[in-house]
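Biologist: Got a minute to go through this one with me? Let's have it on screen first.

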Amino acid sequence: MTIKNNKCKHCEIILQSNQTDFCCLGCQNAYQIINQLGLNNYYNSRINNESNHNLKPDLKNNLLLDDFVEKNGVNHNISLLVQGLNCGACVWLIEKILNDDPRVINARINLTKKILNLSFLGKKTEINDILAIIEKIGYKLLPYDQEIINSEEKKYNDSLLKALAVSGFGSGNIMLFSFALWFCDANEMGIAMHQFFQFISALIGLPVLIYSSRIFFKSAYNSLINHRPNMDLPISLAIVLASIVSVYQAFKGGNHVYFDSALMLVFFLLIGKYLDMKARKKAFNIATQFTLLNRNYARIIDQENIKIIPIKNIAKGMIVMVSTGDKIVCDGIVIEGESEIDMSLINGETRLTKVSIGSEVYAGTINMFQPIKVKVNKQANQSMLAQIIELINNADHKKSSSILLAEKLSSYYTPLVHLIAFLTFILWYFIFKKSFDYSLMNATAVLIITCPCALALAIPIVNTITISGFINKKLLIKNGEAIEKVNQIKTIIFDKTGTLTNGAVNLIKIYLLDADKLIEVKESKKKYYLKIAASLTQNSNHPIAKAISTQSKEFYQNLHVIEEKSLGLSAKIAGNLIDHQANQNIEIKIGRADFCKINNANYYQQLLLELHNYQPVLTSFMKIGEEQIVMVFQDQIKNDAGDVIAKLKQQGKEIILLSGDQKNAVEIVANKLQINQFYYQKTVLEKAQFIESFIKQKKPFMMIGDGINDAPSLSLATVSISFNNASDLSKNIADVIINSNQLQPILDLFLGSKKAIKIIKQNLAIALIYNLIAIPFAIIGMIVPMIAAIAMSSSSLMVIINSIRINKFFNLDKNKCQF
Amino acid sequence: MSVLIFLIPLALILSIIGLLAFSWCLKNKQYDDLEGSSKRILFDDDKDQKK
């Protein structure tokens, strides 16, 4: 595909009129590097879409990765998460570049997990040099903490896949012999041959059954210990009994062996389990990537040197540097610098907190203004974060336990089926005085035919399709049970900051300050001021500067902007360029009031009066020559919040707002969204206590929040939801993560789950009806292995076909469900 | 029918070989990145790439 001229050749961002080929120097460099290496095939073969915008290289970022290198003999190994990786061409490019480096032994990318595994020779520090080129061409590398890779999970996945393969092998091969046994009896094929075939069946069947049913045996055993019998219990029992009876029959030269039925059962069930695992893994992988996007390293000062170390290595007494916009990673005391801290993730407050030397700061907060140095004053396990985590761990047994459909069903189904099988035996052996063999055979037939194959598939298949479908609807289901539990929800508890609001400041109004009077700037003039302001702020990382730059699409280029630490920005611009009357250079300043020399004392009272509907707000100032401009910022309510809340109310849900923020801030949001129940200034503990009162009333409820202070409440909720830009802690706990900043997916979650539960119930009905019909035939001894095999496959097939219907819901807006 | 004495073990041995090959693949992490492998096959000039 050819690259259109109006797009940047490297990152495909649409160019402005005065730019040719590239949007910035970084992209130009990247393009040249790739060309010089003779790898420009990359541009032809990559998928052209918006995700390439992320490839804009960040020239400032100089990552030191040598502390994350692990030594392995002469080699050094490192695992890194690669951001910006989105197609095969990226894999090709990175692997090609790295493998051509003589120091590199092997570089290989896992596209599913977006992980680069690299091993190289030489000194540890070489890594920074090796990888510099990858950063230069726009991919961002992040250290990948091995602890996050859950090796237990991987082991389980592999053993599941192996069991599936073995049972597939077994059930395929056993059919060679079963077919002969189904259609000929001992008289037709000769007693010796008949028994020989039965023995071969046993030879294949027994080892395969023992190997591949371990998962069910383990789960059944655990459920017995916990006194909560699950579906795996009747499955295990049927497998064990069928095997024993069949071995006995084979030795005795009896008519029927059931190895094929048992094997097919295990094979079907393992397919269900595997699909379930795959869908969950997909959601889990995406969720892990969010967690990694937050920095998990810190800069510390070590004897005059700056060193980057993993967060987990931070110890008491170390001095950590926190630059503007960075997350503070430890509890500590400020020893240098003055700044303001965004505590919203800790206490939900929108207002920034001022800190100076001697102030205490907490892990999880964000430094908004000036770089500060923090001396760590607590061991990691005593920090506030650690205490909150402990709260969560304690919450586990308090969590409202709702009984799932499958559990409810199996608690009735299992004893009932076993009772019927037992009665069948009694009926034949004691009442009709048939032989022990005959009675046992019929009882086994009952157990096999009622073995909840379709029943056990009914729920996982629907969950699998639903979880995959939800990924396209920007919902990551981390806990499959959530789909079912969502349907019980009557009450929804929202956090405010970052949940109902954007959690970041937005420019809402611009005022002209003229001789002690505030005049709101008209829409037409607003653009003019914004263009000037954005031209100054476009390269600044300050949150307020970012809020300005995102508002304007046009900029004046080549301005010499001077940034004065924590005070503001200034630049000179030719007067005629901004249609100012004066022809000489005009000074522009953006920043705090004292920096811009704005000293009209009355404006603030007036501003508060003007904005009584908007509090709390942040202000910033701009001075163009003698013009004085006040810019007002606020953490705004998400644009779809009103709509979503109204719709949820329509559905009869009770909405509660639970925030740690100040009264007026919460009140304004609650009034705007027409939420009658709101609670403010709640600490972490108070939030959790409030939630516990819900559990005591046995009301299933949903908690939606993003902050560290919400985490304990999330862990207590029946269903918990968080956002992709939330704190790591709440993302780890939440059952569902919304993969966007919007609230709309919540409605989809309710709708999709409702559909899913409907189909699950239909599936269960199909499976039960099939059982009801089959049981009488089994009791009277008419179910021979062939009939059992046909009945089992057909009922499973029906359940699967019925489940696929749920795709209709997810295909509504042409997002094809990848299943 | 005596040919069965020969054919049955043969059939079983062949499928066991298949099964072993699968578990070898699994052990060598060939199932870890299905997405990447499907793209990797399209790289056309990887003759000088190291293993």
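Modeller: Sure. Before we get to charged pairs: a salt bridge here is a side-chain nitrogen of Lys or Arg within 4 Å of a carboxyl oxygen of Asp or Glu. And keep in mind that this is a predicted model.

Biologist: OK, so which side chains meet in a salt bridge at 2.7 Å, N to O?

Modeller: Arg40(B) and Glu95(A) do.

Biologist: And how many salt bridges does that rule find across the interface of chain B and chain A?

Modeller: One across that interface. Over all chains, the count comes to 16. As for where the two partners sit, Arg40(B) is in helix 2 (residues 34-40) of chain B and Glu95(A) is in helix 3 (residues 88-100) of chain A, so the pair joins two chains.

Biologist: How much area do chain B and chain A bury between them?

Modeller: About 2600 Å², with 62% of it on carbon and sulfur atoms. Chain B puts 25 residues into the contact and chain A puts in 30.

Biologist: Switching to helix packing. At what angle do the axes of helix 14 and helix 26 of chain A cross?

Modeller: Roughly 170°, and the axes come within 9 Å. Helix 14 covers residues 436-450 and helix 26 covers residues 744-779. The two helices of chain A are therefore roughly antiparallel to each other.

Biologist: Left-handed or right-handed crossing?

Modeller: Right-handed for helix 14 and helix 26 of chain A. On the helix 14 side the residues are Asn442(A), Ala445(A), Val446(A), Ile449(A) and Thr450(A), and those they meet in helix 26 include Tyr770(A), Ala774(A) and Ile779(A). The residues of that contact divide into eight nonpolar, three polar and no charged.

Biologist: What about helix 15 against helix 26 in chain A, what angle do they pack at?

Modeller: About 160°, with the axes 9 Å apart; helix 15 is residues 453-472 of chain A. That makes helix 15 of chain A roughly antiparallel to helix 26 of chain A, because angles over 145 degrees count that way. Helix 15 passes helix 26 in a right-handed crossing.

Biologist: Which residues of helix 15 meet helix 26 there?

Modeller: Among them are Leu455(A), Ile459(A), Val462(A) and Phe470(A), and on helix 26 they include Asp748(A), Leu749(A), Ile760(A) and Leu764(A). For that contact of helix 15 with helix 26 in chain A, the split is 13 nonpolar, five polar and one charged.

Biologist: Last one: how far apart are the axes of helix 7 and helix 8 of chain A?

Modeller: 5 Å, at an angle of about 50°, for residues 191-212 and 214-225. Helix 7 and helix 8 of chain A are therefore oblique to each other. Ile210(A), Tyr211(A) and Ser212(A) of helix 7 make the contact with Arg214(A), Ile215(A) and Phe216(A) of helix 8. The residues of that contact are four nonpolar, one polar and one charged.

Methods:
Residues are numbered from 1 along each chain as its sequence is written. Chains are lettered from A and ligands numbered from 1 in the order in which they are written. This is a predicted model: local features need pLDDT of at least 70, side-chain atom pairs count only at pLDDT 80 or more; totals for chains, interfaces and linings use all residues. Side-chain values use heavy atoms; hydrogens and water are left out. Axes are lines fitted to C-alpha atoms, for helices over the stretch in contact, and angles run from 0 to 180 degrees between N-to-C directions. Helices (H or I, at least four residues) and strands (E, at least two) are DSSP runs, numbered from the N terminus. Angles under 35 degrees count as roughly parallel, over 145 as roughly antiparallel, 65 to 115 as roughly perpendicular and the rest as oblique. A crossing is left-handed if the near helix is turned anticlockwise from the far one by less than a right angle, and right-handed if clockwise. Contact means heavy atoms within 4.5 Å. Ala, Val, Leu, Ile, Met, Phe, Trp, Tyr, Cys and Pro count as nonpolar, Asp, Glu, Lys and Arg as charged, and the others, Gly among them, as polar. Buried area is the accessible area (1.4 Å probe) that two parts lose on being put together, summed over both.
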